[in-house]
Amino acid sequence: MNITHIEHIGIAVENMEEAIAYYENVLGLTCYKVEEVADQKVKTAFFQVGQTKVELLETTDPEGPIGKFIAKRGPGIHHLAFAVEDVAEALNKAEESGVQLIDKTPRKGAEGLNIGFLHPKSTFGVLTEFCGKK
Ligand code: ZN
(Lines give C-alpha, C1' and ligand atoms only; values in the text may rest on other atoms or scores of the structure.)
Protein backbone atom coordinates (compact mmCIF):
# COMPACT_ATOMS: atom_id res chain seq x y z
CA MET A 1 0.00 0.00 0.00
CA ASN A 2 2.34 3.01 -0.17
CA ILE A 3 1.47 5.33 2.67
CA THR A 4 2.89 8.78 1.95
CA HIS A 5 2.02 10.70 5.14
CA ILE A 6 -0.53 11.15 7.88
CA GLU A 7 -3.43 12.75 6.03
CA HIS A 8 -5.29 13.79 9.15
CA ILE A 9 -5.97 13.13 12.80
CA GLY A 10 -9.66 12.94 13.71
CA ILE A 11 -10.64 14.41 17.05
CA ALA A 12 -14.09 13.98 18.58
CA VAL A 13 -15.36 17.16 20.23
CA GLU A 14 -18.52 17.95 22.15
CA ASN A 15 -18.74 21.56 21.11
CA MET A 16 -17.35 22.51 17.71
CA GLU A 17 -17.43 26.28 18.32
CA GLU A 18 -15.42 26.04 21.53
CA ALA A 19 -12.96 23.61 19.98
CA ILE A 20 -12.45 25.83 16.90
CA ALA A 21 -11.82 28.82 19.20
CA TYR A 22 -9.10 26.85 21.01
CA TYR A 23 -7.35 25.77 17.80
CA GLU A 24 -7.52 29.28 16.37
CA ASN A 25 -6.96 31.50 19.39
CA VAL A 26 -4.60 29.38 21.45
CA LEU A 27 -2.75 27.35 18.81
CA GLY A 28 -2.94 30.02 16.11
CA LEU A 29 -4.24 27.68 13.39
CA THR A 30 -6.89 28.67 10.85
CA CYS A 31 -10.07 26.71 10.29
CA TYR A 32 -10.30 26.64 6.49
CA LYS A 33 -13.47 24.63 6.17
CA VAL A 34 -16.51 23.40 8.07
CA GLU A 35 -18.39 20.62 6.31
CA GLU A 36 -21.24 18.34 7.26
CA VAL A 37 -20.92 14.69 6.24
CA ALA A 38 -24.56 13.56 6.43
CA ASP A 39 -23.65 9.94 5.82
CA GLN A 40 -21.49 9.90 8.98
CA LYS A 41 -23.83 12.11 11.03
CA VAL A 42 -21.00 14.55 11.73
CA LYS A 43 -19.97 18.11 11.27
CA THR A 44 -16.25 18.43 10.51
CA ALA A 45 -13.83 21.35 10.77
CA PHE A 46 -10.36 21.31 9.20
CA PHE A 47 -7.02 22.87 10.08
CA GLN A 48 -3.88 22.41 7.98
CA VAL A 49 -0.68 21.65 9.89
CA GLY A 50 2.10 21.04 7.38
CA GLN A 51 1.10 18.08 5.22
CA THR A 52 -1.35 16.91 7.84
CA LYS A 53 -4.77 18.13 8.85
CA VAL A 54 -6.56 18.18 12.15
CA GLU A 55 -10.18 17.16 11.61
CA LEU A 56 -12.58 18.05 14.40
CA LEU A 57 -15.70 15.89 14.53
CA GLU A 58 -18.94 16.90 16.23
CA THR A 59 -21.91 14.58 16.03
CA THR A 60 -25.20 15.76 14.57
CA ASP A 61 -26.97 12.76 16.12
CA PRO A 62 -26.35 11.05 19.50
CA GLU A 63 -26.78 7.69 17.72
CA GLY A 64 -24.11 8.47 15.12
CA PRO A 65 -20.59 7.00 15.39
CA ILE A 66 -19.10 10.11 17.01
CA GLY A 67 -22.05 10.45 19.41
CA LYS A 68 -21.56 6.86 20.52
CA PHE A 69 -17.80 7.28 20.79
CA ILE A 70 -18.12 10.32 23.09
CA ALA A 71 -20.79 8.63 25.21
CA LYS A 72 -18.46 5.67 25.73
CA ARG A 73 -14.99 7.21 25.90
CA GLY A 74 -15.43 10.98 26.10
CA PRO A 75 -13.97 13.53 23.70
CA GLY A 76 -10.45 13.07 22.35
CA ILE A 77 -8.48 11.45 19.55
CA HIS A 78 -10.85 9.34 17.50
CA HIS A 79 -8.88 8.09 14.50
CA LEU A 80 -5.69 8.30 12.51
CA ALA A 81 -5.85 8.64 8.72
CA PHE A 82 -3.03 7.62 6.39
CA ALA A 83 -2.77 9.02 2.88
CA VAL A 84 -2.56 6.29 0.23
CA GLU A 85 -2.72 6.32 -3.55
CA ASP A 86 -5.48 3.78 -3.88
CA VAL A 87 -7.86 3.17 -0.99
CA ALA A 88 -9.41 -0.01 -2.46
CA GLU A 89 -5.98 -1.54 -2.94
CA ALA A 90 -4.88 -0.60 0.59
CA LEU A 91 -8.05 -2.13 2.07
CA ASN A 92 -7.53 -5.34 0.10
CA LYS A 93 -3.93 -5.59 1.19
CA ALA A 94 -4.87 -5.09 4.85
CA GLU A 95 -7.58 -7.74 4.59
CA GLU A 96 -5.16 -10.18 2.97
CA SER A 97 -2.89 -9.63 5.96
CA GLY A 98 -5.69 -10.68 8.31
CA VAL A 99 -6.87 -7.24 9.41
CA GLN A 100 -10.58 -6.87 10.14
CA LEU A 101 -12.11 -4.15 7.94
CA ILE A 102 -14.95 -1.80 8.77
CA ASP A 103 -15.26 -0.85 5.09
CA LYS A 104 -14.81 -3.60 2.53
CA THR A 105 -14.88 -1.03 -0.24
CA PRO A 106 -14.06 2.70 -0.25
CA ARG A 107 -16.74 5.28 0.38
CA LYS A 108 -16.84 9.07 0.08
CA GLY A 109 -15.51 11.07 3.01
CA ALA A 110 -15.03 14.77 3.66
CA GLU A 111 -13.24 16.82 1.00
CA GLY A 112 -14.41 14.46 -1.75
CA LEU A 113 -11.75 11.86 -0.94
CA ASN A 114 -12.25 8.11 -0.88
CA ILE A 115 -11.94 6.65 2.59
CA GLY A 116 -12.02 3.26 4.25
CA PHE A 117 -11.63 2.19 7.88
CA LEU A 118 -9.82 -0.69 9.57
CA HIS A 119 -11.24 -2.09 12.78
CA PRO A 120 -9.39 -0.97 15.95
CA LYS A 121 -9.47 -4.59 17.20
CA SER A 122 -6.96 -5.40 14.46
CA THR A 123 -4.87 -2.23 14.75
CA PHE A 124 -3.78 -2.12 18.38
CA GLY A 125 -6.71 0.02 19.50
CA VAL A 126 -6.34 2.77 16.91
CA LEU A 127 -9.26 3.31 14.55
CA THR A 128 -7.32 3.59 11.29
CA GLU A 129 -8.46 5.22 8.06
CA PHE A 130 -7.05 5.17 4.57
CA CYS A 131 -7.66 8.29 2.57
CA GLY A 132 -6.94 8.92 -1.08
CA LYS A 133 -8.06 10.26 -4.43
CA LYS A 134 -8.55 6.75 -5.85
ZN1 ZN B 1 -11.03 10.87 9.01
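# A walk through the structure

A search of the whole structure finds six salt bridges. What you are looking at is a predicted model, and a few of those salt bridges make a good starting point for the tour.

Begin with E58 and K43, whose side chains meet in a salt bridge with an N to O distance of 3.9 Å. E58 belongs to strand β4 and K43 to strand β3 (residues 42-49), so this pair ties together parts that are 15 residues apart in sequence. The two partners are placed in their own ways: E58 counts as buried at 16% relative accessibility, and K43 counts as partly exposed at 29%. The cut-off helps here, because buried means under 20% relative accessible area.

Another salt bridge joins the side chains of K104 and E95, at 2.6 Å from N to O. K104 counts as exposed, with 56% relative accessibility, while E95 is partly exposed at 33%. D103 and R107 form one as well, with their side chains meeting at 2.8 Å, N to O. In that pair D103 is buried, at 9% relative accessibility, and R107 is partly exposed, at 21%.

Now turn to the helices. A little background makes them easier to read: an α-helix has 3.6 residues a turn, so residues three or four places apart point the same way. Keep that in mind as you look at helix α1, which spans residues 16-26. Which residues of α1 are buried? They are M16, A19, I20 and Y23. Seen down the axis of α1, these buried residues fall within an arc of 100°, so they line one face of the helix. Covering them are several strands, including β1, β2 (31-37), β3 and β4.

The face of α1 turned away from the buried side tells the opposite story, for it carries the exposed residues E17, E18, N25 and V26. Take N25 as an example: its relative accessible area is 64%, which makes N25 exposed. If you want a distance to try out in the viewer, the C-alpha atoms of N25 and T59 are separated by 23 Å, with their positions 34 residues apart along the chain.

Both ends of α1 deserve a look. At the N-terminal end, N15 acts as a cap, with a side-chain oxygen 3.0 Å from the backbone nitrogen of E17. Just after the helix comes G28, which takes a positive phi of about 75°.

Helix α3, residues 87-96, can be read in a similar spirit. Its buried residues are V87, A90, L91 and A94. They cover an arc of only 100° around the axis, which puts them on the same side of α3. What do the buried residues of α3 pack against? Their neighbours are β5 (76-84), β7 (114-118) and β8 (128-132). At the start of α3, a side-chain oxygen of D86 reaches to within 3.1 Å of the backbone nitrogen of A88. After the helix you meet G98, whose phi is positive, near 95°.

From the helices, move on to strand β3, where T44 has its place. Is T44 buried or exposed? T44 counts as buried, because its relative accessibility is 1%. Leaving aside residues up to four places away in sequence, T44 touches M16, K33, V34, E35, V37, E55, L56, L57 and A110. Two names on that list may ring a bell: M16 is one of the buried residues of α1, and E55 will return at the last stop.

That last stop is the zinc ion. Which residues are its protein donors? They are H8 and H79, each through NE2, together with E55 and E129, each through OE, and they lie 2.0 to 2.7 Å from the ion. In sequence, the donor residues are spaced H-x46-E-x23-H-x49-E. One pair shows how the site links distant parts of the chain: H8 sits in strand β1 (residues 3-12) and E55 in strand β4 (residues 52-59), 47 residues apart. Both H8 and E55 are buried. The angles among the four donor atoms run from 74 to 170°, and the site is irregular.

Methods
Residues numbered from 1 in each chain as written. Predicted model: local features only at pLDDT ≥ 70, side-chain atom pairs only at ≥ 80, totals over all residues. Heavy atoms only, no water. Buried < 20%, exposed > 50% of the residue type's maximum accessible area, 1.4 Å probe, protein only. Helix = DSSP H or I, 4+ residues; strand = E, 2+ residues; numbered from the N terminus. Arc of directions from axis to C-beta. Contact = heavy atoms within 4.5 Å. Polar contact = N/O pair within 3.5 Å; in protein donor to acceptor, adjacent residues only side chain to side chain. Donors = N, O, S within 2.8 Å, 3.2 Å for Na, K, Ca; no water. Tetrahedral: all angles 85-135°; square planar, octahedral: opposite > 155°, others 65-115°. Salt bridge = Lys/Arg side-chain N within 4 Å of Asp/Glu carboxyl O.
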